[in-house]
Amino acid sequence: MFLKTFLNLLSNINQDIPNFPPTILYNEGWLLRLVIDWFSESGVTNHPLSFPKDGHWFSEARLPSAFLPRFKGDPLAESHTNADGVIGHFMIGSTGKTNLELIPDATHFVVLEAKLYSGLSKGVTNAKYYDQAARSVACIAEVFRLAGQQPISVNQLGFYVLAPKDQIKSRTFSRHLDKQFIKNKVNRRISSYDGKRDDWFKDWFIPTLKVNDIRSISWEAVLDIISEKDSKTGDSLKEYYSQCLTFNL
């Protein structure tokens with residue numbers, strides 16, 4: 001009954017008077033979930049979205065920050081960062097319903113950000129310059145610190161932005177995903193702490209940045225990989241992606 005209702009609602013989106021905005025179903029969040037769920041069962045290897053043995057995925061995980069409030073009203077503080085998707089060896093919920101922690105001896109950790117004609121967010125309330133890429137990479141470093149595991153110990157560590165190919169071609173993300181640019185942003189962030197985050201920067205952030213694979217990947221390239229292995233699913237996802245582009249322009 002639920003599935004029938006869902007499909008009816010989906011078909012009604014193109015009516016003159018739909019029941020809800022199309023972007024509720026046609027959006028980057030659902031596109032990402034459909035894509036990584038397929039990769040979880042595909043057996044595809046040597047791809048940024050490939051799954052390790054015993055790996056799983058989660059959408060909207062909360063990543064810890066090294067800059068959480070030290071006291072009420074902390075003028076430098078920020079909250080956890082929500083990751084659109086994560087793949088690898090981790091657990092969810094032991095310290096909060098969607099809080100993420102690495103499992104002991106994790107060997108795979110990938111954080112995904114999904115975009116459809118929007119850029120990376122520009123900053124946090126207490127640090128307007130501190131953009132989404134720098135914040136995400138810093139949170140990845142904090143994930144490793146809390147786990148007590150050096151990032152060099154994992155086989156795959158990545159932060160990937162999935163976006164339309166024309167958005168990537170226009171270099172929307174290239175500067176923000178540059179490692180030196182990220183390092184400068186995080187270094188500026190810790191400078192406000194009068195040396196109290198210097199050890200974290202040296203011992204956790206720099207080692208994480210060094211081994212982290214940071215780049216953008218086009219949705220089109222990902223969907224082509226799916227089509228090569230599973231043409232039926234690939235065709236369906238490409239049609240869904242086309243609708244996502246239409247409704248999110």
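What span should the 16 residues of helix 3 have at 1.5 Å a residue, and how far apart are its end C-alpha atoms? The expected span is 22 Å, and the end C-alpha atoms of helix 3 are 23 Å apart, which agrees. The model described here is predicted. This briefing covers its open sheet of five strands, helices 3 and 5, the aromatic pairs, of which the structure holds 10, and the surroundings of Lys179, a residue of helix 5.

**The sheet**

- The five strands form an open sheet in the order 1-2-5-6-7, and their pairing is mixed.
- Strand 1 (56-63) and strand 7 (213-218) stand at the edges; each has a single partner strand, so one side of each is left without a neighbour in the sheet.
- From one strand to the next, the twist averages 30°.
- Strand 5 (residues 108-114) and strand 6 (residues 156-163) run parallel and are joined by seven bridges.
- His108 stands opposite Gln156, which belongs to strand 6.
- Helix 7 (residues 219-229) packs on the sheet, where it touches strand 5, strand 6 and strand 7. The direction of helix 7 makes about 75° with that of strand 7.

**Helix 3**

- Of the 16 residues of helix 3, 13 are buried, so this helix is largely enclosed by the rest of the structure.
- The N-terminal end of helix 3 is capped by Asp131, with a side-chain oxygen 3.0 Å from the backbone nitrogen of Ala133.
- Gly148, just after helix 3, takes a positive phi of about 65°.

**Helix 5**

- Helix 5 (residues 179-191) has 13 residues; from its first C-alpha to its last it reaches 18 Å, close to the 18 Å expected at 1.5 Å a residue.
- Its buried residues are Phe181, Ile182, Lys185, Val186, Arg189 and Ile190. These buried residues pack against helix 3 (132-147), helix 6 (198-211) and strand 7.
- Asp178 caps the N-terminal end of helix 5, as one of its side-chain oxygens lies 3.1 Å from the backbone nitrogen of Gln180.

**Lys179 and its surroundings**

- Lys179 lies in helix 5 and counts as partly exposed because its relative accessibility is 31%.
- Apart from neighbours within four places in sequence, Lys179 is in contact with Leu209, Lys210, Val211, Asn212 and Ile214.
- Two backbone oxygens take part in its polar contacts: that of Leu209 is reached by the Lys179 side chain at 2.8 Å, and that of Lys210 lies 3.2 Å from a polar atom of the same side chain.
- Lys97 is 82 residues from Lys179 along the chain, and their C-alpha atoms are separated by 31 Å.

**Aromatic pairs**

- The structure holds 10 aromatic pairs. One of them joins Phe67 and Tyr130 edge-to-face, at 6.0 Å centre to centre and with 85° between the planes.
- This pair links distant parts of the chain, 63 residues apart: Phe67 is in the loop between strand 1 and strand 2 (81-88), while Tyr130 is in the loop between strand 5 and helix 3.
- Phe67 and Tyr130 are both buried.
- Phe201 and Phe205 form a stacked pair, because their ring centres are 5.3 Å apart and their planes are at 20°.
- Phe201 and Phe205 are four residues apart in helix 6, so about one helical turn separates them. Both residues are buried.
- Ring pairs link Phe67, Tyr129, Tyr130, Tyr193, Trp200, Phe201 and Phe205 into a cluster.

Methods
Residues numbered from 1 in each chain as written. Predicted model: local features only at pLDDT ≥ 70, side-chain atom pairs only at ≥ 80, totals over all residues. Heavy atoms only, no water. Pairing = 2+ DSSP bridges. Helix = DSSP H or I, 4+ residues; strand = E, 2+ residues; numbered from the N terminus. Axes fitted to C-alpha atoms, helices over the stretch in contact; angles between N-to-C directions. Contact = heavy atoms within 4.5 Å. Expected span 1.5 Å × (residues − 1). Buried < 20%, exposed > 50% of the residue type's maximum accessible area, 1.4 Å probe, protein only. Polar contact = N/O pair within 3.5 Å; in protein donor to acceptor, adjacent residues only side chain to side chain. Phe/Tyr/Trp six-rings, centres within 6.5 Å; stacked < 30°, edge-to-face > 60°.
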